[in-house]
Amino acid sequence: MSATTAYDGYEAWKGWSEDQFMTLDQTDRAYFDLEMRGVPVTGEHVLEIGFGNGSFLAWAKAQGALLCGTELSEQGQASAANRGVEVLPVDLAQSVATHRARFGVIAAFDVFEHLSFDAIRTMLDQIGALLRPGGHCVVRFPNGQGLLSGLYQAGDYTHVSTLSASIMTQFVHGTVLDIVRADSSAIPDRGLAWKARSLLRRGFEALLCRLYGFRAPLGPNLTVVLRKKEGAA
């Protein structure tokens, strides 16, 4: 199946629209505040790979970031350009020479699971070239080692790779990138009931890890924060 066929009608299926592009509700704002903790954004050149309907771009703009992005959807490309976002080619290889070490932050939310392992390795090399030394990359994907991750992984037939924190460690070994954090994706605080569920979930996950003798984040989605080594080219 070609990429064109696989993603035909994808925007409508996802519910993306021009009038909702780069809107940011309270839940999205709270989520990105948590997920981007420890990653400087203000004043940074920020590149989002596969920006979708632009919620992260809206959050980054509110933080004072300078925005760039890539997106397979032509509708999304036009929406971003209309709002002053610099749109780069989907193939990052076309940007490495002219944008090397430009970005302080690169984000890829729900992108890597759409790629083959070979394509992920290539993209990580390209991300390493595009980041400035000390810059961060934040990626999110369904957690292959997580509880109920199949709800996300099997919910989209364009998903082709199952990933985990361990696999990401293998990917970045020997590269200019180090893993700073790999944990279950953030869930914004939604009150007392949320706190109770979170406490039960963390306790259950800790019990499973102890019973089976392993340590791994078990949330259905995983967020990995990478950092480019100081002094790396």
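**Exercise 1. Asp110 and Ala101**

Task: In this predicted model, find the loop that holds Asp110 and work out whether the residue is buried, partly exposed or exposed. Then do the same for Ala101.

Solution:
- Step 1. Start with the place: Asp110 sits in the loop that runs between β4 and α7 (117-130).
- Step 2. Look at the backbone. The phi of Asp110 is positive, near 60°, and the residue is not a glycine. Most residues other than glycine have a negative phi.
- Step 3. Turn to accessibility. The relative accessible area of Asp110 is 31%, so Asp110 is partly exposed.
- Step 4. Now take Ala101, in the loop between α6 and β4. Its phi is again positive, about 60°, though Ala101 is not a glycine.
- Step 5. With 34% relative accessibility, Ala101 counts as partly exposed.

**Exercise 2. The crossing of α3 and α4**

Task: Describe how helix α3 and helix α4 cross, and list the residues that make the contact.

Solution:
- Step 1. Place the helices: α3 covers residues 26-35 and α4 covers residues 55-62.
- Step 2. Their axes come within 10 Å and cross at roughly 70°. Angles of 65 to 115 degrees count as roughly perpendicular, so α3 is roughly perpendicular to α4.
- Step 3. On the α3 side, the contact is made by Asp28, Arg29, Phe32 and Asp33; on the α4 side, by Ser55, Phe56 and Trp59.
- Step 4. Sort these residues by class: 3 are nonpolar, 1 is polar and 3 are charged.

**Exercise 3. Aromatic pairs around Phe32**

Task: Which aromatic pairs does Phe32 form with Tyr31 and Phe109, and what geometry do they have?

Solution:
- Step 1. For the whole structure, a search finds 11 aromatic pairs. One of them joins Tyr31 and Phe32, with 5.1 Å from centre to centre and 65° between the planes. This pair is edge-to-face, because planes over 60 degrees apart count that way.
- Step 2. Check the burial of both partners. Tyr31 has a relative accessible area of 10% and is therefore buried; Phe32 is buried too, at 4%.
- Step 3. Phe32 also pairs edge-to-face with Phe109, at 5.4 Å centre to centre and 70° between the planes.
- Step 4. Trace the two residues along the chain: Phe32 belongs to helix α3 and Phe109 to strand β4 (residues 103-109), 77 residues apart, and the pair links these distant parts. Phe109, like Phe32, is buried.
- Step 5. Widen the view. Tyr31, Phe32, Phe56, Trp59 and Phe109 form one aromatic cluster.

**Exercise 4. What covers α4**

Task: Name the buried residues of α4 and some of the elements that cover them.

Solution:
- Step 1. The buried residues of α4 are Phe56, Leu57, Ala58, Trp59 and Ala60.
- Step 2. Their cover includes helix α3 along with the strands β1 (45-49), β2 (66-70) and β4.
- Step 3. Follow the chain past the helix: after α4 comes Gly64, with a positive phi near 90°.

**Exercise 5. The surroundings of His99**

Task: Is His99 buried or exposed, and what does its side chain touch?

Solution:
- Step 1. His99 lies in helix α6 (residues 96-99).
- Step 2. Its relative accessibility is 13%. Buried means under 20%, so His99 counts as buried.
- Step 3. The His99 side chain makes a polar contact with the side chain of Arg102, at 2.9 Å.
- Step 4. Set aside neighbours within four places in sequence, and His99 is in contact with Glu86, Leu88 and Leu130.

Note on methods: Residues numbered from 1 in each chain as written. Predicted model: local features only at pLDDT ≥ 70, side-chain atom pairs only at ≥ 80, totals over all residues. Heavy atoms only, no water. Axes fitted to C-alpha atoms, helices over the stretch in contact; angles between N-to-C directions. Helix = DSSP H or I, 4+ residues; strand = E, 2+ residues; numbered from the N terminus. Parallel < 35°, antiparallel > 145°, perpendicular 65-115°, else oblique. Contact = heavy atoms within 4.5 Å. Nonpolar A, V, L, I, M, F, W, Y, C, P; charged D, E, K, R; others polar. Buried < 20%, exposed > 50% of the residue type's maximum accessible area, 1.4 Å probe, protein only. Polar contact = N/O pair within 3.5 Å; in protein donor to acceptor, adjacent residues only side chain to side chain. Phe/Tyr/Trp six-rings, centres within 6.5 Å; stacked < 30°, edge-to-face > 60°.
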